[in-house]
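Here are some short exercises for practising how to read a protein model. Try each task on your own before you look at the solution.

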Amino acid sequence: MGAKQFTGSPEDADLRRADSLAREIFSDVANKWAFLIIEALGDRTLRFGELRNEVEGVSHKMLTQNLRMLERYGLVERDVHPTVPPRVEYTLTEPGRALRATVDGMCGWTHRYLGDIEAARRRFDT
């Protein structure tokens, strides 16, 4: 099973164009809560409360909004179990797992260059 490939026009995927679909997607997905949710889910399936505990500082409202957005883009799958009360679980889809590799790379970059970044900030702020 291969990853879904983009089938629109090249203009739709051009981040430099203000009207590109890629820019809209990037703008929505590249926020701190979305990245933290993707990282928290990893290879696991989590319920809403478990996910909220994993993403320290996220409000109920922000978690809900970001999960809906990630689901809209096909990055997160929401599974509702018909129990009382309903049990809702979230899992990364194949495209979500692929994006997670990028998020992991950004986390690695942060760890590698944190000292340099902190030193630059100290120099800038004085």
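This is a predicted model, and we begin with one residue and its neighbours.

**Exercise 1. Which residues does Ile-37 touch, not counting residues up to four places away in sequence?**

Solution. Step one: leave out the close sequence neighbours, and Ile-37 touches Leu-51, Val-55, Leu-63, Asn-66, Leu-67 and Leu-70. Step two: look at the nonpolar core. The largest one has 23 residues, and Ile-37, Leu-41, Leu-51, Leu-67 and Leu-70 are those that touch the most other members. Step three: ask where the core comes from. Helix 2 (32–41), helix 3 (48–54), helix 4 (60–72) and strand 3 each supply at least two residues, and helix 2 gives the most, with six residues. As background, nonpolar side chains tend to be buried together in soluble globular proteins.

**Exercise 2. At what angle do helix 2 and helix 4 pack, and which residues make the contact?**

Solution. Step one: two packed helices are described by the angle between their axes and the distance between the axes. Step two: for helix 2 and helix 4 the angle is about 75 degrees, and the axes are 10 Å apart. Step three: angles from 65 to 115 degrees count as roughly perpendicular, so helix 2 and helix 4 are roughly perpendicular to each other. Step four: list the contact residues. Helix 2 brings Trp-33, Ala-34, Ile-37 and Ile-38, while helix 4 brings Met-62, Leu-63, Asn-66, Leu-67, Met-69 and Leu-70. Step five: sort them by type, which gives nine nonpolar, one polar and no charged.

**Exercise 3. In what order do the three strands lie in the open sheet, and which strands stand at the edges?**

Solution. Step one: the order is 1-3-2, with antiparallel pairing. Step two: strand 1 (45–47) and strand 2 (76–81) each have a single partner strand, so they stand at the edges and one side of each lacks a neighbour in the sheet. From one strand to the next, the twist averages 30 degrees. Step three: follow the pairs. Three bridges link strand 1 and strand 3; Thr-45 has Thr-91 as its bridge partner, and Arg-47 stands opposite Glu-89. Six bridges join strand 2 to strand 3, and His-81 stands opposite Arg-87 there.

**Exercise 4. What joins strand 2 to strand 3, and which peptide bond is cis?**

Solution. Step one: a hairpin makes the link, through five residues. Step two: look into this loop, where Pro-85 is found. Step three: check the bond before the proline. The peptide bond from Val-84 to Pro-85 is cis, with omega near -10 degrees. For background, most peptide bonds are trans.

**Exercise 5. Are Leu-92 and Arg-100 buried or exposed?**

Solution. Step one: recall that buried means under 20% relative accessible area. Step two: Leu-92, in strand 3 (residues 87–92), has 3% relative accessibility and therefore counts as buried. Step three: Arg-100, in helix 5 (residues 94–125), has 18%, so Arg-100 counts as buried too. Step four: compare the contacts, leaving aside neighbours within four places in sequence. Leu-92 is in contact with Ile-38, Leu-41, Gly-42, Leu-75, Val-76, Arg-97 and Arg-100. Arg-100 is in contact with Ile-38, Glu-39, Gly-42, Asp-43 and Leu-92.

How values were computed
Residues are numbered from 1 along each chain as its sequence is written. This is a predicted model: local features need pLDDT of at least 70, side-chain atom pairs count only at pLDDT 80 or more; totals for chains, interfaces and linings use all residues. Side-chain values use heavy atoms; hydrogens and water are left out. Helices (H or I, at least four residues) and strands (E, at least two) are DSSP runs, numbered from the N terminus. Buried means under 20% relative accessible area, exposed over 50%, partly exposed in between (1.4 Å probe, protein chains only). Contact means heavy atoms within 4.5 Å. Two strands pair if DSSP finds at least two bridges between them. Axes are lines fitted to C-alpha atoms, for helices over the stretch in contact, and angles run from 0 to 180 degrees between N-to-C directions. A nonpolar core is a set of buried Ala, Val, Leu, Ile, Met, Phe, Trp, Tyr and Cys residues joined through side-chain atoms within 4.5 Å. Angles under 35 degrees count as roughly parallel, over 145 as roughly antiparallel, 65 to 115 as roughly perpendicular and the rest as oblique. Ala, Val, Leu, Ile, Met, Phe, Trp, Tyr, Cys and Pro count as nonpolar, Asp, Glu, Lys and Arg as charged, and the others, Gly among them, as polar.
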